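I opened my notebook for a friendly look around this model. First stop is a loop residue, then the ligand site.

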Amino acid sequence: MNTLRFLTAGESHGPCLTVIIEGLPAGLSIEPSEINTLLKRRQGGYGRGKRMEIEEDRCEIEGGVRMGKTLGSPVSIKIENKDWSNWKDKWDSVEPILVPRPGHADLPGAIKYGHSDIRNVLERSSARETAARCVVGSIAKRFLSIFEIDILGYLLAIGRIKTEERPENLDEIINSPFFCQDKAKEDEMKKEVDKAEEEGDSLGGIFEVRATGIPPGLGSYVHWDRRLDAKISFALMSIPAVKGIEIGSGFSAAERRGSALHDEILYDEEKGFYRKTNNAGGIEGGVSNGEAIIARCAMKPIPTLRNPLSSCHIITKEKTPAPIIRSDISAVPAASVVGEAMLAIVLADSFMERFGGDNLFLIKERFFREREKNFLPF
Ligand SMILES: Cc1cc2nc3c(=O)[nH]c(=O)nc-3n(C[C@H](O)[C@H](O)[C@H](O)COP(=O)(O)O)c2cc1C
């Protein structure tokens, strides 16, 4: 069982999203403006649809916090859907959706839950839910920052337009419309998105998430479900539309020789053991090795198309074009923010498992004592 757990509830056009987080230590200060900043980043990026112009996500703390600090009890946080004002009068009476979109949860979801109105599926399968995850991610990031761990998500490709450049920190990408370090590629990326939009099409891409300042010893090799790389992959794969994950060298490791791939071990009095290279992406044997944790995600193109693919009416079974629903053209920049949040959640959980305590004071005491010795038991 995870040390840090959370549940989310709420529909895309319903009144609100709610998240309950269990396992946070007592004494952690919660800063709503910081959460709102991450929520705003998730709403941004070039290629988003009109919905993001309506919403301005703001968190409301409903439980588990007093005088700005966690109590050790579950924390409950709400995000209102501004669009609810347009939906509340028609929520129960709006025309049913009877044609599923290829690539979305529409058809498998309708079959699974026995819904003849696909709206009952898309309201929850929508990536709107990832706003609630960003609330948890922001709190996880704040917790980890106390231990000088920093996490960042950034874009590496939109469709076929790719970059090799990586930002050092958030300041370098915050004003980029793609959350991408490579300014020279921005115009090309914009053109790619604009062209897809003109043609009623959509785009995917690649984003990377990176955690620095990670102590060795998070995760474990002793059991399959405690491996840190497995937990990170699960968390990142849970982001809607993510279809591929690579950790460190990932797929390119398969074509290299062991002598060219593995990261030689060095020692320094000051910093302890370290590596000259980081092809492992900071994890060996399911355990963090002290180097930066790096994972890349491939996001498929958005399923909703203005120039729709062919589908079938679920009742008449007749061939019918998929419905055109308000949608993003591309959401890879936003997905990179969700990736940042998901990586933060997994690392905060693994960190608490390793250095855990019921209150922040105990966790700090243990962490900084071990850090004095470079986390070395010998
Ligand atoms: C931040 C974000 C925004 C998204 N926006 C849309 C959207 O506007 N329209 C759409 O059809 N899919 C969107 N998606 C992708 C779908 O949610 C996803 O493809 C769908 O739930 C099916 O899940 P799957 O692709 O993982 O199989 C978005 C995904 C993310 C991460």
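Entry one. I am working with a predicted model, and I began with the contacts of A292. Setting aside neighbours within four places in sequence, I found A292 in contact with R210, A211, T212, N278, G281 and G282.

Entry two. I then asked where A292 lies. I placed A292 in the loop that runs between β14 (287-288) and β15 (293-299).

Entry three. I checked A292 against G248 as well. The two are 44 residues apart in sequence, and I read 9.4 Å between their C-alpha atoms.

Entry four. I moved on to the ligand and asked how many residues surround it. I got 18, and the closest are A241, K300, T304, S327 and D328. Sorted by class, this shell holds nine nonpolar, five polar and four charged residues.

Entry five. I looked up which pocket the ligand takes, and its space is the largest pocket.

Entry six. I went through contacts to oxygen atoms of the ligand. For K300, I found a polar side-chain atom 2.8 Å from a ligand oxygen. For K243, a polar side-chain atom lies 3.1 Å from a ligand oxygen. S125 uses its backbone: an N or O atom there lies 3.3 Å from an oxygen of the ligand. Last, I noted that the ligand taken alone exposes 630 Å², of which the protein buries 86%.

Key
Residues are numbered from 1 along each chain as its sequence is written. This is a predicted model: local features need pLDDT of at least 70, side-chain atom pairs count only at pLDDT 80 or more; totals for chains, interfaces and linings use all residues. Side-chain values use heavy atoms; hydrogens and water are left out. A residue is near a molecule or strand if one of its heavy atoms lies within 4 Å of it. A polar contact is a pair of N or O atoms within 3.5 Å; within protein, one must be able to donate a hydrogen and the other to accept it, and residues adjacent in sequence count only if both atoms are side-chain atoms. Accessible areas come from the Shrake-Rupley method with a 1.4 Å probe; for residues, only the protein chains shown count as cover. On a 1 Å grid over the protein atoms alone, a cavity is a set of points where a 1.4 Å probe fits but cannot get out, and a pocket is an open set with protein on both sides within 12 Å along at least five of seven lines; lining residues have an atom within 4 Å of a point. A molecule sits in a cavity or pocket if more than half of its atoms lie within 2 Å of its grid points. Ala, Val, Leu, Ile, Met, Phe, Trp, Tyr, Cys and Pro count as nonpolar, Asp, Glu, Lys and Arg as charged, and the others, Gly among them, as polar. Helices (H or I, at least four residues) and strands (E, at least two) are DSSP runs, numbered from the N terminus. Contact means heavy atoms within 4.5 Å.
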